[in-house]
Amino acid sequence: MVRRVAIIGAGACGLASIKCCLEEGLEPTCFERSEDIGGLWRYTDSTDGGRVTVYRSVITNTSKEMSCFSDFPFPEDFPNYLPHSLLLEYFRMYARHFDLLQHIRFKTTAVSVRKRPDFAASGQWEVITETNGIQESHVFDAVMVCTGHYQEPYLPLASFPGIETCFKGRYLHSQKYKDAEAFRGKRVLVVGIGNTGGDLSVELSRVAAKVFLSTRSSTWLFNRVSDRGFPLDMVNTTRFKRFLDWLLPSALMKWIMFRKCNSWFNHANYGLASTKSSYFKIIINEELPFCLLSGTVVLKPSVKEFTESSAVFEDGTTEENIDVVLFATGYISPFPFLEESVRSLFDNNRSLYKCIFPPQLEKPTLAIIGFVQLTGSVMVGSEMQARWVTGIFAGWNKLPPASRMMADVSKKQPPVKRNPSERKNLKLNFISYTDEIASCAGVKPSLLRLLLTDPRLALAIFFGPCTPYQYRLVGRGKWSGAREAILTQWQRTLKPLRTRVVDDSSDTFSGWCWRCLLALPAALMAGFLFSKYPRMGWSSQAGSQL
């Protein structure tokens, strides 16, 4: 019987895990190596100690309604996309509201997590921690690892001949980047066009003499401001659109996406992407197209090699007098505190059952929380993982036999034909994955039942954004405020924008209601199909958080 649970990390995943443990009557102890909560989102100017944080100007890519904890909405006056300071303030509010801080041991590093000698029978773990140079040993019934993806910078210098032996300029990983001032007047090469690479290129273009952005991938850009000015993820992440993804051929849906992106600007003209690309990325960036159009950022192909002061690219072109190379090449998650026999059981999240449990363990008392890449908010997916995991620890939920878990893992491995880096970066569809974990936890709402008992709520759930409150309507952890939160989500979205009121006679809510009524047959069909086929797969895409 699990009682004492060790939680490693007090970021967003760790806070949610503490709360879920408390709700299930478990006894959590969270070990946080720094002096405060927030993890990645607690910005500091210092880069000492190897702690990974966001850069000073970062803004979230997912909106507040799509990123909140499922029973704790953001304050209505918070902006829809948040700077790190407001997100950290929200974490503090959450921790105070649910009295989580008393369960956290700050300035305490998890040095080692090892199976006890009798693990096959007890499932217990020995956790060694260090505080102020003094080590201490603990025994826990279960461990929840909440350190996330961003643990250690990935700096593939061996793939860039000359960077260490010839190049006389400066090079660094984006982990070391805090703001643009140190790059004023410099000629900067940014390597990598993920969300970070795109953001930093734009920011550097305001102070640098010139910015070059090197990429090897086709990349489609999305704007956080979507149709009629609403947040992108609130418009795109709906069960209706997910139903269309499942119903219509993937080639057609891809063509629709390409056409939508190119209606903003032609990506091929900018050298970003072609509609013929089989593998592509999606990133969020509103400003990069203008920087390319104005020449303050110049797009380049992959780097072939470096000389003393220049970069030679795969297309044979050379850019001279490069002062700084900034690698936006991502992170790896080595989990150094886990014993090797456990760490070797999974090389990536797809080797884990539901991206959480190592299926080969004799006892399911180790859970990796937040080690998943989704097309939506990882924070929401992590909270759902924690709810299911703590339900298993408490005995309410059960895992299938190891053989079935292994078969499920094998079935969901990415296609072998992709190269390793592409397979690693594939993202799971937010709704499909969260629904699957919610089904396991017994908290996924039944659309068909709601259509019969509460049609207004059913229409809001099917046609509106798939906000986290939907997973608090039924089952363990049901929240009495969930229905109201869903029906008022658009009001909270518009509230921070209503700082100057103008007369607008259009009744957008009435129009939305009419559209929902006209589409009611589709909702009824979808409700039937989703009830008959509850798991429509984990449609993966090599995109970014939307």
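Which residues make a nonpolar surface patch of about 280 Å²? Keep that question in mind while you get your bearings; this is a predicted model, and the tour comes back to the patch shortly.

**The whole chain**

Start with everything shown as a cartoon. The chain holds 20 helices and 22 strands. Colour the 546 residues by burial, and 55% of them count as buried. The accessible surface comes to about 24100 Å², and carbon and sulfur atoms account for 53% of it. Now consider contacts between residues at least 6 apart in sequence: 70% of these join residues at least 24 apart.

**Stop 1: the surface patch**

Select Leu252, Trp255 and Ile256, and you have the answer to the opening question: these residues make the nonpolar patch. Zoom in on Ile256, which sits in helix H8, residues 250-264. Ile256 counts as partly exposed because its relative accessible area is 38%. While H8 is on screen, here is a reminder for reading helices: an α-helix has 3.6 residues a turn, so residues three or four places apart point the same way.

**Stop 2: a covered helix and its neighbour**

Next, select residues 455-463, which form helix H16. Is this helix mostly covered or mostly open? It is mostly covered, with seven of its nine residues buried. To see them, show side chains for Leu457, Ala458, Leu459, Ala460, Ile461, Phe462 and Phe463.

Keep H16 in view and add helix H7, residues 239-247. Two packed helices are described by the angle between their axes and the distance between the axes. Here the axes of H7 and H16 come within 5 Å and cross at roughly 55 degrees, which means that H7 is oblique to H16. For the residues that meet, select Arg239, Phe240 and Phe243 on the H7 side, with Ile461, Phe462 and Phe463 on the H16 side.

**Stop 3: two loops with positive phi**

Go to Lys107, in the loop between strand E3 (104-105) and strand E4 (109-115). Its phi is near 55 degrees, a positive value in a residue other than glycine. Lys107 is partly exposed, at a relative accessible area of 49%.

Then jump to Phe335, in the loop between strand E19 (331-332) and helix H10 (340-343). Phe335 is not a glycine either, yet has a positive phi of about 45 degrees. Is Phe335 buried or exposed? With a relative accessible area of 2%, Phe335 is buried.

**Stop 4: Lys354 and its two partners**

Time for charges. Side chains of opposite charge can pair when their charged atoms come close. How many salt bridges does a search of the whole structure find? It finds 26, and the next selections pick out some of them.

Select Lys354 and Asp408, whose closest N and O atoms are 3.8 Å apart in a salt bridge. Asp408 belongs to helix H12 (residues 402-411) and Lys354 to the loop between H10 and strand E20 (366-368), so this pair ties together parts 54 residues apart in sequence. Asp408 counts as buried at 12% relative accessibility, and Lys354 counts as buried at 1%.

Leave Lys354 selected and add Glu436. Lys354 forms a salt bridge with Glu436 too, the closest N and O atoms being 2.4 Å apart. This pair links the loop between H10 and E20 to helix H14 (residues 430-441), where Glu436 lies, 82 residues apart. Glu436 is buried, with a relative accessible area of 5%.

**Stop 5: a salt-bridge network**

Finish with Glu383 and Arg472, another salt bridge, with 3.3 Å between the closest N and O atoms. Glu383 is in helix H11 (residues 378-393), while Arg472 is in the loop between H16 and helix H17 (482-487); the two residues are 89 apart and link distant parts of the chain. Where H16 was the subject of an earlier stop, this loop lets you pick up the chain beyond it. Glu383 counts as buried at 3% relative accessibility, and Arg472 is buried as well, with a relative accessible area of 0%.

For the last view, which residues are linked with Glu383 and Arg472 in a network of salt bridges? Add Lys19, Glu23 and Asp71 to your selection, and the network is on screen.

Notes
Residues are numbered from 1 along each chain as its sequence is written. This is a predicted model: local features need pLDDT of at least 70, side-chain atom pairs count only at pLDDT 80 or more; totals for chains, interfaces and linings use all residues. Side-chain values use heavy atoms; hydrogens and water are left out. Patches are made of residues with over 30% relative accessible area and no salt bridge: like charges are joined within 9 Å, nonpolar side chains (Val, Leu, Ile, Met, Phe, Trp, Tyr) within 5 Å. Accessible areas come from the Shrake-Rupley method with a 1.4 Å probe; for residues, only the protein chains shown count as cover. A salt bridge is a side-chain nitrogen of Lys or Arg within 4 Å of a carboxyl oxygen of Asp or Glu. Helices (H or I, at least four residues) and strands (E, at least two) are DSSP runs, numbered from the N terminus. Buried means under 20% relative accessible area, exposed over 50%, partly exposed in between (1.4 Å probe, protein chains only). Contact means heavy atoms within 4.5 Å. Axes are lines fitted to C-alpha atoms, for helices over the stretch in contact, and angles run from 0 to 180 degrees between N-to-C directions. Angles under 35 degrees count as roughly parallel, over 145 as roughly antiparallel, 65 to 115 as roughly perpendicular and the rest as oblique.
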